[in-house]
Structure formats: structure tokens, C-alpha cells
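Here are a few exercises to work through with the model open in your viewer. Try each one yourself before reading the solution.

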Amino acid sequence: MECLKIDNITKVYKGNKKEPDKIVLKDISFSINEGEFVCLLGPSGCGKTTLLTMMGGFLEPTSGKILLDGNEIKGPGSERGYVFQNYALFPWMTVKENIAYGLKFSTKTKEEKEERVKYLINMARLNGNEKKFPIQLSGGMQQRVAVARALAGFPRVLLLDEPLGAIDFQMRELLQNELDQMVQEAHITAVMVTHDVSESVFMSDRVIVLGNNHGHIVSDYKIDLPRRRDRESEEFKKCVTELTSLVRIAFNENITAGEACIMKRRK
Ligand SMILES: Nc1ncnc2c1ncn2[C@@H]1O[C@H](COP(=O)(O)OP(=O)(O)O)[C@@H](O)[C@H]1O
Ligand SMILES: [Mg+2]
């Protein structure tokens, strides 16, 4: 069943006297089914965060619509858990308070909320750090708090913008395992932005490769490998190789110099 629908999205960032308007995404369409884990992969600056931010309802498309279960997304909502590219934790709140904030609008009882926060702290391997403030945590720990907070209220869709981007390699694979397990258990629909090809192969059912040409979809790549995926298997490595080539194509897919993202140059 279709869950998210990206329907002919165009996004233009308005320019000013010095900067022309910038077409970041042009006529982008695809759908995401319920329970699917989809990665948006592509070169830096191709519009991944812009697209995810619109799914989150924090930014409006210039034209086109994004629908969740058939309803147009018009702003942020509790049915979408969001993990921002930069941690975006509340610096004045402890780890526990930050995670509990994800339940602020939940109708669950106090005990149920306590239970949920406990579970999330455990899951994110933050035990013993409950009373620490974000400034006292490593980047990786901050990101784990952000993921736990986004999952707290059992959202329908989880939107993740490079959630493991700042995490060192060792911890990154562990967290990929945990995130994979959580997502599989929760049967949640998820969209994740990443620039890490191996991560996209490990995590997703589908990888959408966006190119430099206004976010043009270079490939909608299905990954049918059984889960928990074996990073050392030949099939896994084959997907990584194929996707790496596709990202290379996406990177080289430049818009013509004359066009150069300019919709209209202001006088
Ligand atoms: N608020 C903004 N105003 C103007 N340009 C923006 C804004 N946000 C992003 N951009 C530009 O839009 C392009 C796409 O950005 P972004 O969606 O962050 O890309 P990605 O996440 O793929 O790296 C970039 O060239 C970026 O500089
Ligand atoms: Mg980004």
C-alpha cells in the first residue's frame, strides 16, 4: 500500500539582488510503500535535504504535492519523526528529557511514557547518560539521542537526514544494525538521506539516486537481499559496486553551464 507520494515536486529557492533564483528540484515524482525503507542517495547539494524537509512539512514545495496516506502534507506533524542533519537537540535538556520530548504530545499515561523512554535509552545504548546534557556527549551519542527522540511517539514515518553522518566507523556499523533492527521491528516506513553507499545497501529496500540535474532521478534501485544483511557477501558487494557507479553518474550529471540553475536573473 502506498504511504508517501511525492507528486511532481519542484522547489525553487528565491534569490535576491545578488543571487538568482535557484531551481533545486524539478518535477520529481515517486512513491514509497508502507513499511518500505528508502534511501535518498546523491552528491552533496543535489537537493536531498530539501526534499526530506518538505516531507517533514518544514518547507513548502514551489509546486507539486507530497501526500501521506492520501493527505497532503502542509506542515510538521506527530505522525512523522524527524532526525535533522545537525543534531538539533535541546541544549538545556538532559538526554532523558530530550528523548521524552518526543512524547510531549502523546496521550499515553505517565507510566507508559516512562517505560518507553527507558526502552529507548536502552536501545540507543545511552544507559548511565540519562542526566547528561548534549554538550557533554560525543557526536555519535547526540545522534543516538536524536534518533531515539524521533522514534519515541511511534511515528508512522521516520525521516532521517544523515543520522549517522557524524559517527565513527565502528559505532556506525553497530548503529546501522540497531537502526535496521528497530525499523524492521517497528514495521515503520522510513526515508533516510545518506551519502554512504554501503549504508544505503545495508539499510534500504530501495535506493533513489538523485543527480545534480535538479534532483533528476538517476536510478530507483531495488535491494532484495534478505535481512540482516551480510556486508561481506558477494551480493552485498555487487549492490555497492553498482550503486557507486550510479552515484558517479549522478555526480557528473551536470546542468548545462548556460542554464546554471538560473530561472530568471533579477535586474
Ligand atoms: N534556504 C536556502 N536558500 C537558498 N538555497 C538553499 C537553501 N537551502 C539549500 N539551498 C541550496 O539548495 C541546494 C540543495 O541543498 P540541500 O537540499 O541541502 O542538498 P543536499 O542535502 O543534497 O546536500 C544547495 O545548492 C544549497 O546550497
Ligand atoms: Mg543534506
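**Exercise 1.** In what order do the six strands of the open sheet run, and what kind of pairing do they have?

*Solution.* Keep in mind that this is a predicted model. Step one: walk across the sheet, and you get β6-β7-β8-β3-β9-β10, with mixed pairing. Step two: look for strands that pair on one side only, which gives β6 (80-83) and β10 (217-222) as the edges. Step three: check the twist; neighbouring strands are turned by 15° against each other on average, ignoring direction.

**Exercise 2.** Take the β10 edge and work out in which sense β9 and β10 pair.

*Solution.* Start with β9, residues 206-210, and follow its bridges to β10: there are five, in the antiparallel sense. For a spot check on the register, find L210, which stands opposite I217 in β10.

**Exercise 3.** Now go to the β6 edge and find which strands helix α4 lies across.

*Solution.* Helix α4 (139-151) lies across β6 and β7 (157-161). Compare directions next: the helix runs at about 170° to β6.

**Exercise 4.** Describe how domain 1 and domain 2 meet.

*Solution.* First, get the bounds: the domain assignment gives domain 1 as 1-79 + 159-267 and domain 2 as 81-154. Next, count contacts: 21 residues of domain 1 touch 14 of domain 2. The buried area comes to about 1,600 Å², 60% of it from carbon and sulfur atoms. Then check the polar side: zero salt bridges, but four residue pairs in polar contact. Finally, ask who supplies the domain 1 side: α5 (169-186) is one of the contributors, and its seven residues are the largest share.

How values were computed. Residues numbered from 1 in each chain as written. Chains lettered and ligands numbered in written order. Predicted model: local features only at pLDDT ≥ 70, side-chain atom pairs only at ≥ 80, totals over all residues. Heavy atoms only, no water. Pairing = 2+ DSSP bridges. Helix = DSSP H or I, 4+ residues; strand = E, 2+ residues; numbered from the N terminus. Axes fitted to C-alpha atoms, helices over the stretch in contact; angles between N-to-C directions. Contact = heavy atoms within 4.5 Å. Domains from an automatic or database assignment. Buried area = accessible area lost by both parts, 1.4 Å probe. Salt bridge = Lys/Arg side-chain N within 4 Å of Asp/Glu carboxyl O. Polar contact = N/O pair within 3.5 Å; in protein donor to acceptor, adjacent residues only side chain to side chain.
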